[in-house]
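Biologist: I should like to learn how a structural model is read, feature by feature. May we take one as an example?

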Amino acid sequence: MELEVLRYTNRISSDAHKMVMKNAKPGKKEYEMESLFQHYCYSKGGMRHTSYTCICGTGNNSSVLHYGHAGAPNDKTIEDGDMCLFDMGGEYYCYSSDITCSFPANGKFTADQRAIYEAVLKSSRSVMAALKPGVKWTDMHRLADRVHLEELVKIGILHGNVEDMLKVHLGSVFMPHGLGHLLGIDVHDVGGYPEGVERIDEPGLRSLRMGRLVQERMVLTVEPGIYFINHLLDKALADPAQSCFINNQVLARFRGFGGVRIEDDIAVTADGMELLTCVPRTVEEIEAFMADSGKTFDPDSPLLQIPSDTAADKTGRCSPEATVNYITEDETTHHLLSRWIPDRHLKNLSLEKKRSHVESSFILLRWPTKNS
Ligand SMILES: [Mn+2]
């Protein structure tokens, strides 16, 4: 049941992010995007609160990890050429979601933006491919660092041997936070360091909010990022052990770039993980989604639209029984459910399991009526 609620918070928050992505444009204010996200979550999902203060960083602000607080209240005007980094999650009955989308404000990645974005996407997907019960969360953080360094070498910002870079913790210059954390009733849920699990006191790793082995049914965020944070870059350049790997001429091009974070929420399964977040992720998906501005994202389409003449009772509402029975193995209901359960996960579900998803979620969803 708890997992169903977390699927729900992710479903609504993912759609809210998509609506923001459709509406983000140079000339608008960052706080307009925050407001739009909140409006969607509350009006469509019954989520009165967000899990944390929305972070809507654009341009250089996207390198400020906890931007959006009272001292920097998402008040910049979005400019052409900016990267947007929007970290926002709706909360339902205290259950959280925590999602970050990074994309270019004008809808088209530059070569540099694409290179950094795809480096982060590669580390995110490498971690997801390796994630299963029994792996060390700290090893997942190290894996993300390694992928980032390899990709930064390809881009030309770094040169030299990645093993040697890892020894001097060069990864933490570009990702100074932890890879992810437990998620549940609190956005940074408790229990990351039970007795006997020690925090690793190394740059980057010491910021991890969880040091445990990954276990089935844990819900976690996977949120790698690469940021160009001036004071960290300057510190690295002043340290001969780190500066020897940095190509300062190429790096100079990325000053003011901001940062990219890709944050998804996942549930650990017996042999892998289920992705709860469902937003455009590849460069191609994002560009296609943003380019299609004629077709605006329709926030009024019900989450699970059952044709009311087949499933509705006399009052026009779909009863739980009628709705559950409407779900069959056919394409139509598969398509309906795929708006709500990630396709990859849906494929492996039995009919019985699909129906039980619908049944347990019935109380969560606003059901269409004949008039809606
Ligand atoms: Mn997070």
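**Reading the metal site and its surroundings**

Modeller: Let us begin with one residue of this predicted model: Glu223 is buried, since its relative accessible area is 9%, and buried means under 20%.

Biologist: Which residues are the protein donors of the manganese ion?

Modeller: To read a metal site, one lists the protein atoms that serve as donors. Here they belong to Asp98 (OD), His181 (NE2), Glu223 (OE) and Glu263 (OE), and they lie 2.1 to 2.3 Å from the manganese ion.

Biologist: How are the donor residues spaced in sequence?

Modeller: A spacing pattern gives each donor as a letter, with the intervening residues as a count. For the manganese ion the pattern reads D-x82-H-x41-E-x39-E. Glu223 sits in the loop between β6 (219-222) and β7 (225-227), and Glu263 in the loop between β8 (259-261) and β9 (264-268), so this pair ties together parts that are 40 residues apart in sequence.

Biologist: Is Glu263 buried or exposed?

Modeller: Glu263 counts as buried, because its relative accessibility is 0%.

Biologist: Which way do the residues of β6 point?

Modeller: In a strand, one asks on which side each residue lies. From β6, Val219 and Thr221 point one way, while Leu220 and Val222 point the other way; all of them are buried.

Biologist: In which sense do β6 and β9 pair?

Modeller: The pairing of β6 and β9 is antiparallel and extends over four bridges. Within β9, Asp265 is the residue that stands opposite Thr221.

Biologist: Which residues of helix α10 are buried?

Modeller: For a helix, one looks down the axis and notes where the buried residues fall. In α10 (residues 283-291), the buried residues are Val283, Ile286, Glu287, Phe289 and Met290. They fall within an arc of 165 degrees, so they line one face of the helix. These buried residues pack against α1 (2-23), β5 (99-104) and α3 (111-130).

Biologist: What does Gln242 touch, not counting residues up to four places away in sequence?

Modeller: Gln242 lies in helix α8 (residues 240-243). With that exclusion, Gln242 touches Val168, His169, Leu170, Val173 and Ala236. Gln242 is also buried, because its relative accessible area is 11%.

Biologist: Where does pLDDT stay under 50?

Modeller: One should read the confidence alongside the coordinates. The protein averages a pLDDT of 88, and 87% of the residues score at least 70. Over residues 363-372, however, pLDDT stays under 50; the model has 28 contacts beyond four places in sequence for these residues.

How values were computed: Residues are numbered from 1 along each chain as its sequence is written. This is a predicted model: local features need pLDDT of at least 70, side-chain atom pairs count only at pLDDT 80 or more; totals for chains, interfaces and linings use all residues. Side-chain values use heavy atoms; hydrogens and water are left out. Helices (H or I, at least four residues) and strands (E, at least two) are DSSP runs, numbered from the N terminus. Buried means under 20% relative accessible area, exposed over 50%, partly exposed in between (1.4 Å probe, protein chains only). Contact means heavy atoms within 4.5 Å. Donors are N, O and S atoms within 2.8 Å of the metal (3.2 Å for Na, K and Ca); water is not among the atoms, so sites may look incomplete. Two strands pair if DSSP finds at least two bridges between them. pLDDT is the predictor's confidence in each residue, from 0 to 100. The arc is that of the directions from the helix axis to the C-beta atoms.
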